[in-house]
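Visitor: I'm new to this structure and would like a close look at just one part of it. Could you pick a single residue and walk me through its surroundings?

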Amino acid sequence: MAIAKAERLMNLALCLLGTRRPLSKRELRESIEAYVEAFGPEGSTGSDDSFNRMFERDKDDLRELGLVIETVESLDGEIGYLARRDSNRLPPITLDAEEAAALGLAAKVWQQARLAGAASGALQKLRAAGLPEDVDPYEAHSALEPRIPVHEAAFEPLMLALRDRRPVVFDYRKANAAQPEQRHVEPWALECWRGHWYLAGFDRDRGAERVFRLSRITGKVRSRGGRFTAPVPDVVTVRETVASWAGETADRTAVIRLRSGAGYPLRAKATAVRELGDGWDELKIPYGHGLDAWLVEFGPDVVVREPAELRADVVDRLRAVAKG
């Protein structure tokens, strides 16, 4: 059904773009095979209302996709439609050398196969738009090697669901839980933070905004029909939510013991470091949501001293890992 609709919309768009004069509903109905097959000629019993509803939906879908459709009334009062080519043509895009080089570098970032072809095609267009020949974003020995690795199988279906604004269902295992549980989510955005991918969205079961780490999604991500039930915030708000959930927003201080020579990312965040001897140091680090999950990644090299609730959260997560 999705393919049939896409073909119908494409044919309608071609008709509207290819005409030099406004076309009436009747003319469009007779010109597009999908309309003829579904409703027959104008005046068929019970088909006019159904056609009108489908046509209005198709017209709205094309406008939502960016097609500028004009409604024109003739001298005899008949309504016609057309999409002028000059109104639906992008102006020439020019890039200076620095802009083209920056976009070429961005094309290098994605590593997964699905986006590699698109990035390669975009790079060819950038060459034509002014990317200097001596700037090679795929140069192996470049001083800057940006990478956004994506290893989670959930990334691609979530990316497609985000694009199409479709709710999803997946099984999610919290760090302190032994078994995963099903979550029904309206996906808003995918964000990469500290080398990990996160999904921000509206959790229908809890009726609230939630953030999910992709590496904890188990099994397949399944799409569901229907529309979103919650308003989608702007991307800046979503990024702030992910940053806060991942521990960027910290309003307290935690005290931990860290094995000497280990945990350099923790040392970089520390506000104070004191040598304890016997191969251990004491660090004070900002404490916010998500710090417990980060500390668990350092395994036996970290011992939480305070606060007590952080220590308990880390212990619960380690026990869940030990249970498998």
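Guide: Here is a walk around one residue, aspartate 58, and then outward to the rest of the protein. Keep in mind that this is a predicted model.

Start with helix H4, which runs over residues 48-64 and holds aspartate 58. Is aspartate 58 buried or exposed? Its relative accessible area is 1%, and the cut-off for buried is under 20%, so aspartate 58 counts as buried.

Now for the company it keeps. Skipping neighbours within four places in sequence, aspartate 58 is in contact with Arg8, Leu9, Leu12 and Tyr35. With tyrosine 35 there's a polar contact, side chain to side chain, at 2.7 Å.

Leucine 12 is worth a stop too. Leaving out residues up to four places away in sequence, leucine 12 touches Asp58 and Tyr35, and also Leu28, Ile32, Phe55, Lys59 and Leu62. Several of these names come back in the largest nonpolar core, which has 17 residues; Leu12, Leu16, Leu28, Tyr35, Phe55 and Leu62 are the ones touching the most other members. Helix H1 (2-18), helix H3 (33-39) and H4 each give this core at least two residues. In soluble globular proteins, nonpolar side chains tend to be buried together.

Stepping back, the protein has 324 residues, and 35% of them are buried. Its secondary structure comes to 11 helices and 12 strands. Take the contacts between residues at least 6 apart in sequence: 55% of those link residues at least 24 apart. On the outside, about 19,400 Å² is exposed, with carbon and sulfur atoms supplying 52% of that.

Technical notes. Residues numbered from 1 in each chain as written. Predicted model: local features only at pLDDT ≥ 70, side-chain atom pairs only at ≥ 80, totals over all residues. Heavy atoms only, no water. Helix = DSSP H or I, 4+ residues; strand = E, 2+ residues; numbered from the N terminus. Buried < 20%, exposed > 50% of the residue type's maximum accessible area, 1.4 Å probe, protein only. Polar contact = N/O pair within 3.5 Å; in protein donor to acceptor, adjacent residues only side chain to side chain. Contact = heavy atoms within 4.5 Å. Areas by Shrake-Rupley, 256 points an atom, 1.4 Å probe, with all protein chains shown as cover. Core = buried A, V, L, I, M, F, W, Y, C linked by side-chain atoms within 4.5 Å.
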